[in-house]
Amino acid sequence: MPDPQPRPLRVVIAGLNQDEAADAARRAGGAAVDVIPSTDIEGALAVRDGSADAFIGLCQSGSGGALAMAIGLLGRDRCITVSRMGRSSSPQEIRAAVGDGRVAFGVAVDQIPGTVPAIVSALLDRPR
Amino acid sequence: MIELLLAVVLGAGATAVAGALAHGARAVYHDGLRPIVRDAAPHGPERRALAGDAWAMSAGFIAWYALPTTLLTGVVISHLLFLPADVLGVRLAKRGSVLIAAALVGAGVMVAVAVVRTFGPPLLPALVPATAAFAAVVVQLVPLIPPAAAARLGGWPLALVSAAFAALGWLLAAPAGGDRVALAIVVGCLPLGWHLARSRVIAAPDLDFSEQTGRVRDSLAGLLLFAALAGGLAGLLLIAGEPLAAWLLAAGRPAAAAAVALVTAAAFLPLVVTSSMTSGVYSTQGYPDWVFAPGYLSAAVAPAVRVAGTPSAVSPLGSVAGAGVGAVGAALLMAVEGLGLRWLAAWLVRHPELATLGAALRSAMTDVLNVAALLGGLAGSLAVAPAYGPLVVGGAVVANELAGRRVPPYGLGPAALLVVVVLARLTEALS
């Protein structure tokens, strides 16, 4: 009997410029990722109750509005800012954060094109 | 002289109180610091790392969001005062040290800006026309904020309705004796309120934030003091929470600046409530920037007081009265916030679309600011150095894109225009 098809990775995206980020995530993950634009509270609750696998929050700094609700509901240990205004963590650093169990990622809106695909790739490569 | 003294005292006082609030993890200015500041023990070694994080997330805002616009307009973008206050409050071990250091920063910034306002135009003659041209672009573009937010919320149909409302506000302003830009913004936002009123309501999730909201209420005395001091500065038209409002003040449009401040408050309200109710740490400035609106409006009621790029023409009595109105109004608004937080937090979790509205407004403000920064930079450079100004501004934009957008677009236009203003002085001296 063939292995069942793994379900797509469910990623909620909340905050500023979420359409741009959702497009970047879909391009990076293709059919392997189910991108769900959401509000921050609903997105964080979805990760908390297991109906979503990861949360990407967006704001100017990547650390304020991007993660405020996620930190409050998921805890700081499960959240990380992976890009700030003008710079982004490297794909290796993002991969390490995913390996550490981070599930909520703060992204500065000016870094969406580089950072969001790196997050999706790291999440897809994570053993599930 | 009275205005300068008042500005230094208010600036030093507001920055000192902001530092003390950050020191006690009662309130911080940066939204990104709010969720994590209570993790550091009052005298623990982790405070050094936290201060490093605070600086890392603040430096870009200080360098690009605040500094170029402050230098051009002579209006202090509040990030210059209160982001350093966050860092000092987190970094220094003793509250007395925080108060002194933050007061020195506040006083230093206010004196430095007074020097720029006084000596900038005579030393750099291109500053006044460059600033005026930039401000004229901002005046034209800020009414686009409501339609741009509406487009993100409800697509083109809602954007067109919002644009029609904004146009109506613009047309009705003259017979009513109001500011066209202010009314266009306010009336253009009405369809957004209608959209929100029709949005879905979800069942309240099982969340209890009473400890956090109670802690914010316990911090209210310090927040009221801060609001009064910062509101006083707004009454002097010397402070703005973001660049668009600063440009409008520089253009002598305080009512329009008040309208932008109110839109900013609506844009950030969900973020402030969310981050406060989950952390127990409030926003130093409350919902930015409505605490500035009473001060701006006091100047709008009194006749227009300032011409772009020139030192203030406010009479001493007008300054003191404006600062007083700004202080009292700001304190009242902060009281409403602090006392209403628990209710608003409960309402927000049942109305998640309020966060969507806030995000749409913030995105729209950033979109308009980015466009205004580049077009304003071009207009200013054309006004003072048509032979090479646009090349400098355009070259900076191209170089920044090639470098991976190291500088946010909203900072690039004003910074490039500053370079053009200095170049214009140098070429004049050499010719």
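These exercises, each with a worked solution, look at a predicted model with chains A and B. Local features need pLDDT of at least 70 and side-chain atom pairs count only at pLDDT 80 or more, while totals for chains, interfaces and linings use all residues. Residues are numbered from 1 along each chain as its sequence is written, and chains are lettered from A in the order in which they are written.

**Exercise 1. Describe the open sheet of chain A and the helices that lie on it.**

Begin with the strand order, where strands are DSSP runs of E with at least two residues, helices are DSSP runs of H or I with at least four, and both are numbered from the N terminus. The open sheet has five strands in the order β2-β1-β3-β7-β4 (chain A), with parallel pairing; two strands pair if DSSP finds at least two bridges between them. At the edges stand β2 (33-37) and β4 (79-81) of chain A, each of which pairs on one side only.

Next, take one pair of strands: β3 (residues 54-59) and β7 (residues 104-108) of chain A run parallel and are joined by five bridges, and G57(A) stands opposite G106(A) in β7(A).

Then add the helices, for which axes are lines fitted to C-alpha atoms, over the stretch in contact in the case of helices, and angles run from 0 to 180 degrees between N-to-C directions. Helix α5 (residues 112-125) of chain A packs on the sheet by touching β1, β2, β3 and β7 of chain A, and its direction makes about 165 degrees with that of β7(A). Helix α2(A) lies across β1, β3 and β7 of chain A and runs at about 155 degrees to β1(A).

**Exercise 2. Decide whether N17(A) and A25(B), two residues with positive phi, are buried or exposed.**

A residue is buried if 20 or more other C-beta atoms lie within 10 Å of its own, exposed if 12 or fewer, and partly exposed in between, with C-beta atoms placed from the backbone. N17(A), in the loop between β1 (9-15) and α1 (18-29) of chain A, has a phi of about 50 degrees although it is not a glycine; with 21 other C-beta atoms within 10 Å, N17(A) is buried. A25(B), in the loop between α1 (2-23) and β1 (27-28) of chain B, has a phi of about 55 degrees and is not a glycine either; with 23 such atoms within 10 Å, A25(B) is buried.

**Exercise 3. Explain why helix α11 of chain B is described as largely enclosed.**

Eight of the eight residues of α11 (residues 243-250) of chain B are buried, so this helix is largely enclosed by the rest of the structure. Among these buried residues are L244(B), W247(B) and L248(B). V138(B) touches L244(B), W247(B) and L248(B), as well as A251(B), A372(B) and G376(B), not counting residues up to four places away in sequence; contact here requires C-beta atoms, placed from the backbone, within 7 Å.

**Exercise 4. Work out how helices α15 and α17 of chain B pack.**

Helix α15 (residues 353-384) and helix α17 (residues 409-430) of chain B pack at an angle of about 10 degrees, with their axes 7 Å apart. That makes α15(B) roughly parallel to α17(B), since angles under 35 degrees count as roughly parallel, over 145 as roughly antiparallel, 65 to 115 as roughly perpendicular and the rest as oblique. Among the residues in the contact are L369(B) and G377(B) of α15(B), and L417(B) and V420(B) of α17(B).

Terms used: Contact = placed C-beta atoms within 7 Å.
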